[in-house]
Amino acid sequence: MPKKFSRRTLLLRSLQIPMAGGVIAALGACDSDSRDALVCADPGSMSSAQESVRRTLKYTEVSSDSARACVACEFFYPAKDGGAGCGTCGIFSGEPVNPQGHCDSWSVDS
Ligand code: SF4
């Protein structure tokens with residue numbers, strides 16, 4: 001004998017399916033953002049002194065002003081393979097930084 005659903009159950013089910021689809025779409029968007037982002041600084045692998053310098057100088061992996069990104073800073077050294085990967089920073093003792101990053105010591109050689 002076929003199972004009967006009440007109108008209330010059918011209404012609730014019809015709302016749950018679109019909501020589940022929205023959650024899955026949102027999770028997919030988060031995953032693609034994290035895949036595309038280049039992360040160069042790993043706080044878990046640096047000393048507390050290195051982390052402290054980055055925190056004090058407000059280092060960020062992505063500059064809010066692309067004209068003042070690490071790649072345009074006099075202290076930036078590009079990736080050794082010449083690619084768009086992580087470079088290094090003279091201020092951070094040659095530790096990796098994101099070419100699109102920024103900190104308060106950003107400077108251009110004048
Ligand atoms: S000094 Fe700051 S802005 Fe310049 S390369 Fe280093 S982290 Fe980037």
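Where in the protein chain is confidence lowest, and where is it highest? In this predicted model, the low point is helix H1 (residues 7-36), with a mean of 49, and the high point is E1, at 97. Keep that in mind as you go through the views below.

**View 1. The whole chain, and how far to trust it.**
Let's start with the overall layout. The protein chain has two helices and three strands, and from the N terminus on they come in the order α-α-β-β-β. The mean pLDDT of the chain is 80, with 67% of its residues reaching 70 or more. Now look at residues 19-35: pLDDT stays under 50 there, and the model shows zero contacts beyond four places in sequence for this stretch. Where pLDDT is low, the predicted coordinates should not be read in detail. Elsewhere there is plenty to see. Of the 110 residues of the chain, 16% count as buried. Take the contacts between residues at least 6 apart in sequence: 59% of them join residues at least 24 apart.

**View 2. A sheet made of three strands.**
Strands of a sheet pair through backbone hydrogen bonds, either parallel or antiparallel. Which kind do we have here, parallel or antiparallel? The pairing is antiparallel, in an open sheet with the strand order E1-E2-E3. Strand E1 (76-77) and strand E3 (95-97) are the edge strands, so to speak the two outsides, and each pairs on one side only. Zoom in on E1 and strand E2 (residues 87-89), and you'll find two bridges in the antiparallel sense. If you want a landmark, go for tyrosine 77, which stands opposite threonine 88 in E2.**View 3. Around the ligand.**
How many residues surround the ligand? There are 14, and the closest are Cys70, Cys73, Cys89, Cys103 and Trp106. Sort this shell by type and you get 11 nonpolar residues, three polar ones and no charged ones. Cys73 is a handy place to pause: leaving aside its neighbours within four places in sequence, cysteine 73 is in contact with Trp106 and Ser107.

**View 4. The largest nonpolar core.**
In soluble globular proteins, nonpolar side chains tend to be buried together. Which residues make up the largest nonpolar core of this model? Its 10 residues are Cys40, Ala41, Tyr59, Cys70, Cys73, Cys86, Cys89, Ile91, Val97 and Cys103. Some names should ring a bell: Cys70, Cys73, Cys89 and Cys103 belong to this core, and they are also among the closest residues to the ligand.

**View 5. Tryptophan 106.**
You'll find tryptophan 106 in the segment after E3. It counts as partly exposed because it has 19 C-beta neighbours inside 10 Å, while 20 or more would make a residue buried. Not counting residues up to four places away in sequence, tryptophan 106 touches Arg68 and Cys73. Its C-alpha atom is separated by 9.6 Å from that of isoleucine 91, and the two residues are 15 apart along the chain.

**View 6. Glycine 101 and its neighbours.**
Glycine 101 lies in the segment after E3. Is this glycine buried or exposed? It is buried, because 26 other C-beta atoms lie within 10 Å. Leaving out residues up to four places away in sequence, glycine 101 touches Tyr59, Thr60, Glu61, Val62, Ser63, Ala69 and Cys70. From C-alpha to C-alpha, glycine 101 and cysteine 86 are 9.8 Å apart in space, and 15 residues apart in sequence.

**View 7. Glutamate 61, in a loop.**
Glutamate 61, one of the residues that glycine 101 touches, sits in the loop between H2 and E1. With 16 C-beta neighbours inside 10 Å, glutamate 61 is partly exposed. Beyond its neighbours within four places in sequence, glutamate 61 is in contact with Val39, Cys40, Ala41, Asn98 and Gly101. Check out valine 39 in particular: it is 22 residues away from glutamate 61 in sequence, but their C-alpha atoms are 6.6 Å apart in space.

**View 8. Two loop residues with a positive phi.**
Lysine 58 is not a glycine, yet it has a positive phi of about 55°. It lies in the loop between helix H2 (48-56) and E1, and it is exposed, with 10 other C-beta atoms within 10 Å. Now move along to serine 93, in the loop between E2 and E3. Serine 93 isn't a glycine either, and its phi is positive, at about 55°. With 12 C-beta neighbours inside 10 Å, serine 93 counts as exposed.

Methods:
Residues numbered from 1 in each chain as written. Near = placed C-beta within 6 Å. Nonpolar A, V, L, I, M, F, W, Y, C, P; charged D, E, K, R; others polar. Pairing = 2+ DSSP bridges. Helix = DSSP H or I, 4+ residues; strand = E, 2+ residues; numbered from the N terminus. Contact = placed C-beta atoms within 7 Å. Core = buried A, V, L, I, M, F, W, Y, C linked by C-beta atoms within 7 Å. pLDDT = per-residue confidence, 0-100.
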